[in-house]
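Notebook open, viewer loaded. I want to go through the cores, a pocket, the charged pairs and one strand, in that order.

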Amino acid sequence: MVTRKNPIFDTATTLGKIFGFLGVSAICGVLVAGLLVPAAAVSGSAASGSIEFFDTLPAELKVDPPNQTTRILASDGSVIASVFEENRTKVSLDQISPFMKEAVIAVEDSRFYDHGGVDTTGIMRALVATARGNKQGASTITQQYVNNVLNANLAAEGKDEDIKLNGVNKGVGDKLREMKLAIALEKEFSKEQILEGYLNIVFFNRDAYGIEAASKFFFSTTAKDLTLPQAALLAGLVNSPSAFDPINNPESSKARRDLVLSLMLSQTKITQAEYDAAVATPVETQVTPARQGCAYAATAPYFCDYVLHLLENNPAYGADLKERQRLIYGGGLTITTTLDPAAQASAQEQVNASAGANPDKWGAALVSVQPATGKITNMAQNTSFLPAEGGFDSQVNFSVDQLDKDGNDLNGLGGAQPGSTMKPFTFAEWLNEGKSMNTVVNAAQRRYPLNFNWKHTCGQVTGAYNTAQKALGAADDLQNAEPQFYRNMPVLFGLYNSINTATFASAAQLDFCGIQKVVDAVGLHSGLPNKDGEPNPKIDMSTLGNLLGSTQTAPLTMASAFATFANDGKYCEPIAITSVTDQSGAQLPAQSSSCRDAIKPEVARGVNYALQEVMNVGSGSLIQPRLSTRTNFPVAAKTGTSNMNESTWVVGHTTGLATAAWFGDPLGAQNRPGRDLTFNGKFYESLDGYMIAGPMFSKFMTQMAPAFGTDPFPAPPTNMVSGGGTQTRTPSTQATAPAPAPQASTPAADSPGNSEKKD
């Protein structure tokens, strides 16, 4: 049986309302006594008890800056993107329209300048109205500010479940604490400071927190330039952002705006003429969506995403990912990066043009660094960060490793097989061991059995190239692109024509331990974790296939390695972030150039000499348009193509800029050979580095290299170039009879037969 309420005590009755009114009045009386009367002046145990109760309430209020929008900037200060948890940009009171200040006071707290944080007159008026069945609020602007600050602090601590909302889960104790904190706040801050804080923290709907964000979202203007009708509309939103939303509820919004205007008129904040003109103004919004995140970056979304991952992975920004993200997305940070907008625009133009419509989703990436600092100037690829109808969309970054050195996610592809772009590092060790680049080696040698006498003073070489030993698990013979290159040739000729057998013939005279040291010193590593989950493992040069680029390596890694040659042998780790400041202007940890001696300067100069020949007479001379015919500055570079033609490269540099251009299959190497393909109406029987990656590199460097420095490369020592001779170490297997050293020849390309036959 349902128990019925006693009608005498039913608050729905008139008598119930009276009892309710008296009860709330008693509480209010206790509160007023506690607020207005010093404890020493109160007599009687009841009054003393009331004040003791009030005094036990906490009076602390941590007025931290509210969540603000973080901005990511290019090197010239232009905005790349904004990120936020709450879309908010703090502004000072003098940057807010006087109309806005008067409007919000008129509608939310007309006695703002007359009370000390709690308006007892307003409380009594609200009590009377509530007793009559017309519920009214009595929170002052100061109390509302306190409530917003308390909730913002809870949100910042990840305690969303503890947030208190008026009329929802706020009890009498919560209200008393709010009132006491409001009084304490008024003793510490001026009215202007409180009003400024309130207008910067209050929610206006549509991801707009604070008056500056609301002004931009609803009217595409600033808080300083708000007109009277605009200010009145936004002031009216505070009470119920959803109900008075001018986009979804324009009629309710106008009625609320006009109420605010009438209050401003009655309080003599505006004149009759101003009122008449304002109420006659239709409600019209000019929305600027609060598009946040790298997906809406003005430029370089993948670079932007890379920057955010670097910060999210940095323990200096918090003990765990959640704490770091609160700081990054809510801390109002200003993140200044190394990105050069002009270089980025040029790079983006080249990758976009690489494959045209590209229904089969072949990937292109172009990334550059400054050799002397490691600063990343551009990072572009031919995909859309947001899904695009009929387009190639991906959020995976083609230019970077899958993980950072600590195993944290970078959202990277992890690179691709670099092919013959690895050959300069064997050549560097050749020069490092004091050998001349014009020494003749036997490039007719194609068979290297399992028991071949390789030299490796700190390990053991694995793998073989020998058809006769297939039964022992050996791989196919080593192959070149063209049959005429199985002959004796200078090491220099073998490099600039990208002859696989010449690279092996030179490696046969070297200590693999030395090759490994060169590769490690210039920062080369795998872009994928190994089978044990180790991030960015070394490229093991004791595996023969790695002489010809069999390990997946990221374009950023390749660009930074080649930059070592441009920087006279000094390697600089790539960096993307030059400065981070919080909303107070305090500096937070960023990145700084970290450079080290990697290879001898004379070795770097020798490699530069050889790589210029690649572009002048070697495989790079096939690039159209040719850099050497379009510029008057020196460029050093190397082409590269993987075994199945699904990964093609040009990596190279001037003295001031190092660039890696890659074109290939980002969706699954080895599953789609780069053969019998059509791009931009042109058919390719098999892809090669010079074909698509080449023009990307060439056009970009032609446009941008002069802005970063194109001084001539220092010349290598004379004996490094002019010395010669024949091979000094005889292979321990039968070799084809030496042919005369070539004097001139058609440049070889990194085509299928010349690509890496791996074990």
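**Cores**

I started with the nonpolar packing: the largest nonpolar core holds 101 residues, and Phe425 and Trp454 have the most contacts inside it. I then found a second core, separate from that one, with 55 residues, among them Leu199, Ile201, Phe204 and Ile211. Note to self: this is a predicted model. As background, nonpolar side chains tend to be buried together in soluble globular proteins.

**Second largest pocket**

Next I looked up the second largest pocket, which comes out at a volume of about 1,000 Å³. I got 39 lining residues, and the closest to the pocket centre are Asp404, Lys405, Asn536, Glu573 and Pro574. Sorted by class, the lining has 19 nonpolar, 11 polar and 9 charged residues. Which helices did I note as each supplying at least two residues of that lining? They are H12 (301-312) and H19 (555-566).

**Salt bridges**

My list of salt bridges for the structure has 13 entries. General reminder: side chains of opposite charge can pair when their charged atoms come close.

I pulled up Glu86 and Arg88 first; their side chains meet in a salt bridge at 2.9 Å, N to O. Are these two buried or exposed? Glu86 has 16% relative accessibility, so I file it as buried, given that the cut-off is under 20%. Arg88 is buried too, with a relative accessible area of 2%.

Then I checked Asp520, which forms a salt bridge with Lys538, with the closest N and O atoms 3.4 Å apart. Asp520 sits in helix H18 (residues 512-521) and Lys538 in the loop between H18 and H19, so this pair ties together parts that are 18 residues apart in sequence. For accessibility I have Asp520 as partly exposed at 22%, whereas Lys538 is exposed at 60%.

The next pair I opened was Arg605 with Asp568, a salt bridge at 2.8 Å, N to O. This one links distant parts of the chain, 37 residues apart: Arg605 is in helix H20 (residues 601-616) and Asp568 in the loop between H19 and strand S10 (570-572). Arg605 is partly exposed, with a relative accessible area of 26%. Asp568 also counts as partly exposed, at 26% relative accessibility. I also jotted down a network: salt bridges that share partners join Lys254, Arg257 and Asp258.

**Strand S16**

Last stop was S16 (residues 658-664). Why do I call this strand largely enclosed by the rest of the structure? Because 7 of its 7 residues are buried. In a regular strand, side chains alternate between the two faces of the sheet. In S16, I see Ala658, Ala660, Trp662 and Gly664 pointing one way, with Thr659, Ala661 and Phe663 pointing the other way.

I looked up the strands that pair with S16. Strand S6 (residues 363-369) pairs with S16 in the antiparallel sense, over 7 bridges. Within that pairing, Trp662 of S16 is the bridge partner of Ala365. Strand S15 (residues 647-653) is also antiparallel to S16, again over 7 bridges. There I found Val651 opposite Ala660 of S16. The connection from S15 to S16 is a hairpin through 4 residues.

Methods: Residues are numbered from 1 along each chain as its sequence is written. This is a predicted model: local features need pLDDT of at least 70, side-chain atom pairs count only at pLDDT 80 or more; totals for chains, interfaces and linings use all residues. Side-chain values use heavy atoms; hydrogens and water are left out. A nonpolar core is a set of buried Ala, Val, Leu, Ile, Met, Phe, Trp, Tyr and Cys residues joined through side-chain atoms within 4.5 Å. Buried means under 20% relative accessible area, exposed over 50%, partly exposed in between (1.4 Å probe, protein chains only). On a 1 Å grid over the protein atoms alone, a cavity is a set of points where a 1.4 Å probe fits but cannot get out, and a pocket is an open set with protein on both sides within 12 Å along at least five of seven lines; lining residues have an atom within 4 Å of a point. Grid points are joined across faces, edges and corners, and a volume is the space filled by probe spheres set on the points. Ala, Val, Leu, Ile, Met, Phe, Trp, Tyr, Cys and Pro count as nonpolar, Asp, Glu, Lys and Arg as charged, and the others, Gly among them, as polar. A salt bridge is a side-chain nitrogen of Lys or Arg within 4 Å of a carboxyl oxygen of Asp or Glu. Two strands pair if DSSP finds at least two bridges between them.
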